[in-house]
Each structure stands twice: as C-alpha cells, then as structure tokens.
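Dear colleague,

I am passing a structure on to you, with the sequence alongside. Please look through it first, and then read the notes below.

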Amino acid sequence: MNLFICQTIAIGCGYILDLLIGDPHWLYHPVRLIGNLISLLESILLKEKDTSAKKYRKGMVLAILTPLITGIVIVSILAACYHINMILGCVIETIMCYQILAVKSLKVESMKVYYALDKEGLQQARNAVAMIVGRDTKQLDEHGVVRAAVETVAENTSDGVIAPLFYMMLFGAAGGFVYKAVNTMDSMIGYKNDKYMYFGRFAAKSDDVVNFIPARLASWIMIAATGVVQIFSKDKKYNMKDALRIYRRDKHNHSSPNSAHTESVCAGALGVRLAGDNYYFGKLVKKPYIGDDSRPVEIEDIKRVNILLYVTTFLCIIMAVAVRIIIFLGRMCV
C-alpha cells in the first residue's frame, strides 16, 4: 500500500474517530506530553534574574526545540510502524490524526455551558465556561457566558480543527503534531504578562505564523458552511451575506493577526456582536467589538455555532482528502 494513500486514509478515518469518540477524560492525550516537555524546558531555561534580551533568546530556544523534538518523535514512531507493516503504520497514524483533532470535544465542552445555563443556573455555567476560556468568568452575566462559549467554538474551529487538518493534509500526522506543539506553546507561555512578556514572545509569534494561512482558509470555508446551513436549516438566524460582510469589515479587530477571522464570520453568520472588553487575571483588557449588535446573544447560539463547526469541518475534510487524491492521481499520470 502506498504511504501517501495510507496517510490520506488515516486523515479521513482519524476525523471519523474524533466525531465518534471525541476526547474521553480517561484517555491520556499526547498533547499533555507536549505540555510536559514545554514545562520541563521552561524550568531549565527561564530564570528570574535574566535580562529581557536573555529571556527572549531562551524563549526562542524553547520554541525551536519543542516542535523539533515533537516532530522527530512522531516521525520516528511512524517510520518504525510503517517499516514493520504498512497496515500497522496506517492504524497508528489514524490514531494520531484522531488525537490531534478536537471537533467533538469542542462541541461537548461548549454544550456543557448550554446545559448548565438551561438547567443548573448562572454560577454553574460560569464554572463550565471557565474550563474553555482564558478570561475571568466570575463576573460574567448570562450574555457574557454565552458570548464566551460562542467565541471559543468559533476561534477553535480554526485552531483546533482546520489548522491541524491543513498541516496533516501537507505532512500527515507529523505535520499535525508539530502544529499542535506550536499551538500548545502559545497557550502555555504566549502571554503578555510580567513572566512571559519576553520569554514567550517568539512562541506567540510562531503561532501567528503557522496559523496565518489556516485562519484565512477556515474563514472562507465557514462562510461556505453558513451558506449550506442557511439553505438546509429551518433556523433563519444564519446569514451567509452578513458572514461575508462582517468578515471583510472586522477580521482584523483583534491584537492577534488570526483570531478575529473565524470569530468575525461567526458573528456575521449569526447576526450577533462578539468580543469587546474582558478581564484577564484581574486586569481589564480593552478589545474592539466584532459584528453588529443586531440582536443579543442567546443560549441557542451555542447550538448554532456548533452546527457551523460541524459543517465547516466536514467541508474541510472533504477538501483535504480530495486534494490528496488529486495529487496522487496526478503523480500516477506522470
């Protein structure tokens, strides 16, 4: 069996496994190992007495070593498995692809917020949304909780699914894991606080670079997904025209060059206003709004954004597999 075809099968099957199984808490996730590696390197490299320039250089070392070590380990495991047996290699790569994706876990965690608001009250909803966002949640009202959940699903449609799929399409599971290493670094040390302002800067910039193309690709796929849902859904809240309009207008309304892209599509698609000021670690962070305040966000918007997530990722996996099949057929014809 051809390695390229094995990788293509692994990507498709990994996506299906993620939809079926998600991320059960009893299963140890390999991204935790990446997190452990980052923590180990940080404990070795980061010193309080270091100058800002030295912290930056050490942070650069961490940001280079983490994806490098991750890539070497994954490639070595896959090479050994494929050398033993192509089917074994395909099975292991399928499992790896499944573990990189986060479609079902995004839905499950955001729907915990939905059910908490619906059945358990605001405080439980705050606790639930605190598990998936970085902002302070203690003072959020119901609209703030819903908005936080919607924003998280919208943004992570790119970071948690489309971007990993993009790199898996190019480089197989190894590409997906290297991307996750960069993304995990950003989530752990990419903060603009006293501790990580310089040490985490290179990691944060690396995340901006690797997400540049996927964020834009995810936005256009989500716009198409909005059109699909608008046609086939009885829910009249979806609007492809506004998704495109708000995307063009508000895609840069964020300090990150990538984060507002899918958020702006989602805001336009649902006709709501997202983002704005939030508290992080007790400090108020001023942020521009994304979208028009056509109507207040409501609890059902959590379900709606998850429908967008599923349709967007389905269109993406079809595109990814199709591109790889076309490339394979093109090679066969040469």
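**Surface, size and pockets**

The accessible surface of the protein comes to about 16,300 Å², and 65% of that area belongs to carbon and sulfur atoms. Please keep in mind while reading that this is a predicted model.

To begin with the overall build, the protein contains 11 helices and four strands. Its C-alpha atoms fill a box of roughly 60 × 55 × 40 Å when the box is taken along the principal axes. A compact globule of 334 residues would have a radius of gyration near 20 Å, and because the protein has 20 Å, the value agrees with that expectation. Of the 334 residues, 51% count as buried. As for how the chain meets itself, among contacts between residues at least 6 apart in sequence, 71% join residues that are at least 24 apart.

I then turned to the open spaces, and in particular to the second largest pocket, which has a volume of about 290 Å³. This pocket is lined by 16 residues, and those lying nearest its centre are Pro30, Leu33, Ile34, Val73 and Ile74. Three helices, namely α2 (30-45), α3 and α4 (86-100), each supply at least two residues of the lining, while the largest share, five residues, comes from α3. By residue type, the lining of the second largest pocket divides into 13 nonpolar residues, three polar ones and no charged ones.

One of the residues nearest the centre of that pocket, Val73, may be worth a closer look. Val73 lies in helix α3, which spans residues 52-84. Is Val73 buried, partly exposed or exposed? Its relative accessible area is 42%, and because buried means under 20% and exposed means over 50%, Val73 is classed as partly exposed. Val73 also has a partner far along the chain, in that its C-alpha atom is separated by 8.9 Å from that of Ala174, although the two residues are 101 residues apart along the chain.

Finally, there is the enclosed space. How many cavities of 30 Å³ or more does the count give? The count comes to one, and the largest cavity has a volume of about 40 Å³. The residues that line the largest cavity are Gly22, Asp23, His29, Tyr98, Gln99 and Leu101, and this lining divides into two nonpolar residues, three polar residues and one charged residue.

With best regards

How values were computed:
Residues are numbered from 1 along each chain as its sequence is written. This is a predicted model: local features need pLDDT of at least 70, side-chain atom pairs count only at pLDDT 80 or more; totals for chains, interfaces and linings use all residues. Side-chain values use heavy atoms; hydrogens and water are left out. On a 1 Å grid over the protein atoms alone, a cavity is a set of points where a 1.4 Å probe fits but cannot get out, and a pocket is an open set with protein on both sides within 12 Å along at least five of seven lines; lining residues have an atom within 4 Å of a point. Grid points are joined across faces, edges and corners, and a volume is the space filled by probe spheres set on the points. Ala, Val, Leu, Ile, Met, Phe, Trp, Tyr, Cys and Pro count as nonpolar, Asp, Glu, Lys and Arg as charged, and the others, Gly among them, as polar. Buried means under 20% relative accessible area, exposed over 50%, partly exposed in between (1.4 Å probe, protein chains only). The radius of gyration is taken over C-alpha atoms; the globule rule is 2.2 Å times the number of residues to the power 0.38. Contact means heavy atoms within 4.5 Å. Accessible areas come from the Shrake-Rupley method with a 1.4 Å probe; for residues, only the protein chains shown count as cover.
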